[in-house]
Amino acid sequence: MQHNVLILDFGSQYTQLIARRVRELNIFCEIFPYNHFPSDLSSYKAVILSGSPFSVRADDVLHPDLSEIRGKLPLLSVCYGAQYLAHFSGGEVAPSDTREYGRANLSYIKGGETFFENISENSQVWMSHSDTIKELPTNGVRLASTHDVENAAYKIEGETTYAIQFHPEVYHSTDGKQLLENFLVKIAHVPQNFTPNAFVGEMVAELKEKLQNDKVVLGLSGGVDSTVAAVLLHQAIGKNLYCIFVNNGLLRKNEFENVLDQYKHMGLNVKGVDASSRFLDELADISDPETKRKIIGRVFIEVFDDESHLLEDVKWLAQGTIYPDVIESVSVKGPSATIKSHHNVGGLPDYMKLKIVEPLRMLFKDEVRRVGATLGIDAELLGRHPFPGPGLSIRILGDITLEKVRILQEVDAVFIDGLKSWGLYDKVWQAGAILLPVNSVGVMGDERTYEKVVALRAVESTDGMTADWVHLPYDFLMKVSNDIINKVKGVNRVVYDISSKPPATIEWE
Ligand code: XMP
């Protein structure tokens, strides 16, 4: 892949957002820890230093060697980065007297600066810092101030080095994207050529080169990431890609058959393996959620291993790992940063000895969706809600039986079909039904019943880390509740989950 922009992460909660904003400009960028970046910088055209929860005045200050960067490549230093440059280059950084957190407005902008082109005075910016730059570094020229922060932006005379105290990557900095564009496009002349189309072209070429005539095996889940990874690999190596789609017996109603059908229509070389009874037998009488997860993980690997042994000479295992998984595992956790490696399929046995190929490892989720659209993957498949690997097992509270799976599949189908037919499915980030381990009394006709209670859950979220319950229309809830109780034998009560995350989680187990 082309390189272009290097973002050095000093541990800010916003570092991923910087990358998102840069990518929105169709510019490719990569995040590296501040103390662990490539020694060959020849393919990079600009560098951005992120913010940090640490102080440049601390004894154990994060202090990387930037001698190969500063003055050699255009450099933008954000927040901690701006203080870092000031502190170590003849300026002064001190604790601020006033709280400098939240919205502020630029009260002064130096005229005639490309850096601030198309940004007017009073522009709102987002501040989040407790130290402040009292004195600019040697050759520093003030470019902007706010009411409370005199040195809100500066440049170094004679270099293409810029520094800002505020966060352009945060949505509340209204001209943040313009500022990044001014720096990256107008000042650093970085090409804006990172598009889904370009990605597909480059990645297919790269995969062809890397995989040659080797055989690759990939586990499809029906989800967006593994599907897009499969189609991309299929374009590169055709029939040498062997996909395996395992039915663990805990999928949604008819999902195994429907998704398998869809995959075959897409021309993928896919084998459906129905291992339902193997999973359900192993799960018999197990109530503990973590034990359920472990059993499902283990049995999946066993089934996958059995199947890949049936294929001869497989050299590679393909995975749908995406960028947030990759950067989460290298981000700075503190001055004594530990760098972990990431394995999406945690716990693949060593004896499988397959090399790993991860064609989506540089993409964010919405980029994966756009690449999927470019590849012609059905919009319905790309828009599917996330679904947990352990499937309905963690939505059946307590032990799992075939009958409970049947009940929950029916309830879930009424709910999800209802969301689709009411035009609500795409407004919801994730939805599902939960089978509770309690019976409740009801009355149907002249008879009293004592049957199952189900909970419905629908949340809005961007990444699943935080979530809020969706205010579904009462009319919809009324209809779905009626349909469930009338159509699904064994259920006589429906409740709606109105808990946000935190403190609740999305799944109940
Ligand atoms: P929680 O319940 O932690 O879920 O709020 C956040 C997101 O992760 C999904 N989830 C899982 N996905 N294996 C998975 O592959 C799991 O064990 C698992 N548990 C939760 C959940 O559906 C939601 O999207």
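I began with how the protein is split up: domain bounds come from an automatic or database domain assignment. With those bounds, I find domain 1 (5-187), domain 2 (196-382) and domain 3 (395-496), and the C-alpha centres of domain 2 and domain 3 lie 29 Å apart. Counting contact as heavy atoms within 4.5 Å, I note that 12 residues from domain 2 and 16 residues from domain 3 take part.

Before going on, I wrote down that this is a predicted model, in which local features need pLDDT of at least 70 and side-chain atom pairs count only at pLDDT 80 or more, while totals for chains, interfaces and linings use all residues. Residues are numbered from 1 along each chain as its sequence is written, and side-chain values use heavy atoms, with hydrogens and water left out.

Next I looked up the interface of domain 2 and domain 3. Its buried area (the accessible area, with a 1.4 Å probe, that two parts lose on being put together, summed over both) is about 1,000 Å², and carbon and sulfur atoms give 51% of it. A salt bridge is a side-chain nitrogen of Lys or Arg within 4 Å of a carboxyl oxygen of Asp or Glu, and by that rule I find 2 salt bridges across this interface. I also looked up R252 and D412, whose side chains meet in a salt bridge at 2.8 Å, N to O.

Then I turned to the ligand. Which residues surround the ligand? Using near to mean that a heavy atom of the residue lies within 4 Å, I list R293, P388, G389, P390, I394, W429, Q430, G464, K501, T505, I506 and E507.

Finally I checked distances to oxygen atoms of the ligand. A backbone N or O atom of G389 lies 2.9 Å from one, a polar side-chain atom of K501 lies 2.7 Å from one, and a polar side-chain atom of E507 lies 2.5 Å from one. Taken alone the ligand exposes 500 Å², of which the protein buries 68%, with areas from the Shrake-Rupley method and a 1.4 Å probe.

Methods:
Polar contact = N/O pair within 3.5 Å; in protein donor to acceptor, adjacent residues only side chain to side chain.
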